[in-house]
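The exercises below ask the reader to work from the coordinates to short structural statements. Each task is followed by a solution that goes step by step.

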Amino acid sequence: MSSIKTTSLNKKDAKRDIDYCLKNARTKKCMDEDYFTRNPHIYLNTSENVKEAVQSSVGEGSKVLTVASSGDYCLESIFRGADEVVNFDINQHQYYMTCLKYWAVLNLSYDEYCSCFRNFRRDDLLFMSDGLLRKAVSGFEREIAYPFWDRLIQERKREQDKVMEFLQSPSYKILTGYLGMHYPVGLIDYAINALDEYPEFRGGNALRIFESPEAKEDTYGYLMTEENFNTLKERLRKAKVSFQTSDIRRIKNRLYGEEDFNAIFLSNIPFYIPSKDFVSAVDDQIAPLLAPGGEISYYCQNMSADWMIARQQDPNYHVPITNFGRDYMMALNQEGVERCIASYAKLTENYDVELEEIPAYGGTPGILAPTDVKVLVRRK
Ligand SMILES: C[S@@+](CC[C@H](N)C(=O)[O-])C[C@H]1O[C@@H](n2cnc3c(N)ncnc32)[C@H](O)[C@@H]1O
């Protein structure tokens, strides 16, 4: 069966990496420059409107370079007709996620896929259930990423069984009697994943590995209908897909001889690295990889074009905390928005830069703005 090629990792790494993730899943780190390197919290779903971000940039036969993250940019690009996608990510663990999603599209039905990855607030444990995960990975036993998922599925099942036991226990009955309500199982699973402290489940590590932005079906082209999903399935069988562990600041040498990408997606990385680094990465590392007429795009959550333009002209600008939910703000580097804007302003010196307002992804709690911004960068 087709799969995702990589020269960055091997099966021994996969065994070490799942140990590392299980051991560190409970650590909550503040975001800083090193945050994403070997981050044990893996992005399960994109936090961007991937349909809008991809659809106008990718067509039949496109060759795409993208930050791997959850694998959703890769899948969306193939759905839109790309026949080759090179993924890269500073966090090698995103390789495993990209493989899992890819295998799951091939092995699961549309309903199974949605139950497994999308409906994580469901009233049952079908979200990431061991049955669906086992089905998703079957046939890929010889792949590098397999030992990672094999172990994670075992651990997750053990922890989910403990959740079920707890739901039958007298302490749960006392709790629900006291509160006068029953919590849905899916919500408890999610709460354990999201909460830092949960005394009954101190050992619950596998349940905490995933960063789980809520997947909104209308922000994924490939999940909008069963027909779209089946189109992706077909296309995936023929597409050429690979992965490189790499920082955006050092990607070019890894792709020597491949200076022919039609579309390059950088997700929201300018939120996370100093803007001078981002601008020089675009100049030295990314723009040289474009095919003639190709374009680079990055994504800014919750910023309207007007809002951005006004702010980049304002020397006294400070991040308006009220624009973000407290939780999001705690997680995001305080200067993230300013960096995103600064990179936009600097890039206009050497590139044609276009801002496109797109409907917001809408899955991040506390962000209510109706639009996000896709920034398109082309050589002048
Ligand atoms: C910035 S995160 C946030 C999630 C993202 N908004 C999405 O839709 O998936 C996206 C990905 O960028 C990766 N990343 C962050 N900084 C990077 C860098 N300097 N070079 C390469 N990848 C990076 C992270 O490891 C993560 O997988």
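Two residues are in contact if their C-beta atoms, placed from the backbone, lie within 7 Å. The model is predicted, with local features needing pLDDT of at least 70 and side-chain atom pairs counting only at pLDDT 80 or more, while totals for chains, interfaces and linings use all residues. Residues are numbered from 1 along each chain as its sequence is written.

**Exercise 1. Leaving aside neighbours within four places in sequence, find the residues with which Pro-370 is in contact.**

Solution. Begin with the place of Pro-370, which is the loop between β9 and β10; helices (H or I, at least four residues) and strands (E, at least two) are DSSP runs, numbered from the N terminus. Next, apply the burial terms: a residue is buried if 20 or more other C-beta atoms lie within 10 Å of its own, exposed if 12 or fewer, and partly exposed in between, with C-beta atoms placed from the backbone. Pro-370 has 10 other C-beta atoms within 10 Å and is therefore exposed. Once the neighbours within four places in sequence are set aside, Pro-370 is in contact with Pro-359 and Ala-360. For the pair Pro-370 and Pro-359, the separation is eleven residues in sequence and 6.0 Å in space, C-alpha to C-alpha.

**Exercise 2. Repeat the search for Glu-143, again leaving aside neighbours within four places in sequence.**

Solution. Glu-143 belongs to the loop between α6 (130-137) and α7 (146-168), and with 19 other C-beta atoms within 10 Å it is partly exposed. Its contacts beyond those neighbours are Ser-3 and Cys-99. In addition, Glu-143 and Asn-10 are 133 residues apart in sequence, yet their C-alpha atoms are 9.0 Å apart in space. For the protein chain as a whole, among contacts between residues at least 6 apart in sequence, 75% join residues at least 24 apart.

**Exercise 3. State the order of the eight strands in the open sheet, and then describe how β3 is placed in it.**

Solution. Two strands pair if DSSP finds at least two bridges between them. On this basis the order is β1-β6-β4-β3-β7-β8-β10-β9, with mixed pairing, and the edge strands, each pairing on one side only, are β1 (5-6) and β9 (351-359). Strand β3 (residues 63-67) runs parallel to β7 and is joined to it by three bridges, with Leu-65 opposite Ile-264. To strand β4 (residues 84-89), β3 is joined by five bridges, also in the parallel sense, and Leu-65 has Val-86 as its bridge partner there. Between β3 and β4 the chain passes through helix α3 (residues 72-79) in a right-handed β-α-β crossover; right-handed here says that, with the strands pointing away from the viewer, the path from the first strand over the helix to the second runs clockwise.

As a last step, consider the side chains. In a regular strand they alternate between the two faces of the sheet. In β3, Lys-63, Leu-65 and Val-67 point one way and Val-64 and Thr-66 the other, and all are buried.

**Exercise 4. Explain why strand β8 (residues 290-300) is largely enclosed by the rest of the structure, and identify its pairing with β7.**

Solution. Eight of the eleven residues of β8 are buried, so the strand is largely enclosed. Strand β7 (residues 261-265) pairs with β8 in the parallel sense over four bridges, and Ile-264 stands opposite Ile-296. On the other pairing to be checked, β8 and strand β10 (residues 371-379) run antiparallel and are joined by five bridges, with Tyr-298 opposite Val-375.

The helix completes the picture: β7, helix α11 (residues 275-286) and β8 make a right-handed β-α-β unit. Within α11, the residues Phe-278, Val-279, Ala-281, Val-282 and Ile-286 are buried. Seen down the axis of α11, these buried residues fall within an arc of 155° (taken from the directions from the helix axis to the C-beta atoms), so they line one face of the helix.

**Exercise 5. Compare the settings of Arg-38 and Ser-267, given their phi values.**

Solution. Most residues other than glycine have a negative phi. Arg-38 has a positive phi near 55°, and Ser-267 has a positive phi of about 50°. Arg-38 is placed in the loop between α1 (11-24) and β2 (42-43) and is partly exposed, with 15 other C-beta atoms within 10 Å. Ser-267, in the loop between β7 and α11, is buried, with 25 other C-beta atoms within 10 Å.
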